[in-house]
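Please look over the sequence and the model below before reading on. The paragraphs that follow go from the overall fold to its interior, and then to a handful of individual residues.

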Amino acid sequence: MSKELGAQVRSELHKRDMKQKDLAKMLGISSVYLSDIIRGNKTGPKAQEHIKHIRKILEI
């Protein structure tokens, strides 16, 4: 995930008064794995699928 997209995710979570662990639970992944995706440490095919779901959930 690009730094710009990571910032968008954090901004949307803040606007919605959500925590990363809430989003992770919605996605069915651990909060640590979500954090890795947001920071760009995970970029494989599975992470890309999660990114699509993150964009859909947060409407970004």
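In this predicted model, the secondary structure of the protein chain amounts to four helices and zero strands, and reading along the sequence gives the pattern α-α-α-α. The C-alpha trace spans about 30 × 25 × 20 Å along its principal axes. A compact globule of 60 residues would have a radius of gyration near 10 Å, and because the protein chain has 10 Å, the value agrees with that expectation.

How much of the chain is buried, and how far apart in sequence are the residues that meet? Of the 60 residues, 33% count as buried, and among the contacts between residues at least 6 apart in sequence, 50% join residues that are at least 24 apart. As for the surface, the protein chain exposes about 4100 Å², of which carbon and sulfur atoms supply 50%. The chain carries 13 positive and 7 negative side chains, and the centres of these two sets lie 4 Å apart.

The interior is the next place to look. The largest nonpolar core has 14 residues, and the members that touch the most others are Val9, Leu23, Leu34 and Ile54. At least two residues of this core come from each of α1 (3–15), α2 (20–27), α3 and α4 (45–58), with α4 giving the largest share, four residues.

Helix α3 shows how one element takes part in this interior. Its buried residues are Leu34, Ser35, Asp36, Ile37 and Ile38, and the buried residues of α3 pack against α1, α2 and α4. As background for reading any such stretch, an α-helix has 3.6 residues a turn, so residues three or four places apart point the same way.

Asp36, a charged residue in helix α3 (residues 31–39), deserves a separate look. Is Asp36 buried or exposed? Its relative accessibility is 16%, and because a residue under 20% is classed as buried, Asp36 falls in that class. When its neighbours within four places in sequence are left aside, Asp36 is in contact with Asn41 and Lys42.

Moving on along the chain, Gly40 comes just after α3 and takes a positive phi of about 85°. Gly44 then lies in the loop between α3 and α4, where it is partly exposed, because its relative accessible area of 31% is between the 20% and 50% limits. Gly44 and Val9 are 35 residues apart along the chain, and their C-alpha atoms are separated by 19 Å.

Two further positive phi values need some context, since most residues other than glycine have a negative phi. Asp17, in the loop between α1 and α2, is a residue other than glycine whose phi is nonetheless positive, near 55°. With a relative accessibility of 71%, Asp17 counts as exposed, because that class begins over 50%. Glu59, in the segment after α4, likewise has a positive phi of about 55° although it is not a glycine. Glu59 also counts as exposed, at 67% relative accessibility.

The last part of the walk follows two charged residues placed in helices. Asp22 is in helix α2, and its relative accessible area of 33% makes it partly exposed. Arg55, whose place is in helix α4, also counts as partly exposed, at 37% relative accessibility. What distance separates the C-alpha atoms of Asp22 and Arg55? These two residues are 33 apart along the chain, and the separation of their C-alpha atoms is 15 Å.

Arg55 can also be placed relative to Leu27, which is 28 residues away along the chain, with 11 Å between the two C-alpha atoms. Once the neighbours of Arg55 within four places in sequence are set aside, its contacts are with Leu5 and Ile60.

To draw these paragraphs together, the model can be read as four helices that each supply at least two residues to the largest nonpolar core. Within that arrangement, Asp36 of α3 is buried, whereas Asp17 and Glu59 are exposed.

Methods:
Residues are numbered from 1 along each chain as its sequence is written. This is a predicted model: local features need pLDDT of at least 70, side-chain atom pairs count only at pLDDT 80 or more; totals for chains, interfaces and linings use all residues. Side-chain values use heavy atoms; hydrogens and water are left out. The radius of gyration is taken over C-alpha atoms; the globule rule is 2.2 Å times the number of residues to the power 0.38. Buried means under 20% relative accessible area, exposed over 50%, partly exposed in between (1.4 Å probe, protein chains only). Contact means heavy atoms within 4.5 Å. Accessible areas come from the Shrake-Rupley method with a 1.4 Å probe; for residues, only the protein chains shown count as cover. Lys and Arg count as positive and Asp and Glu as negative; His and the chain ends are not counted. The place of a charge is taken as NZ of Lys, CZ of Arg, CG of Asp or CD of Glu. A nonpolar core is a set of buried Ala, Val, Leu, Ile, Met, Phe, Trp, Tyr and Cys residues joined through side-chain atoms within 4.5 Å.
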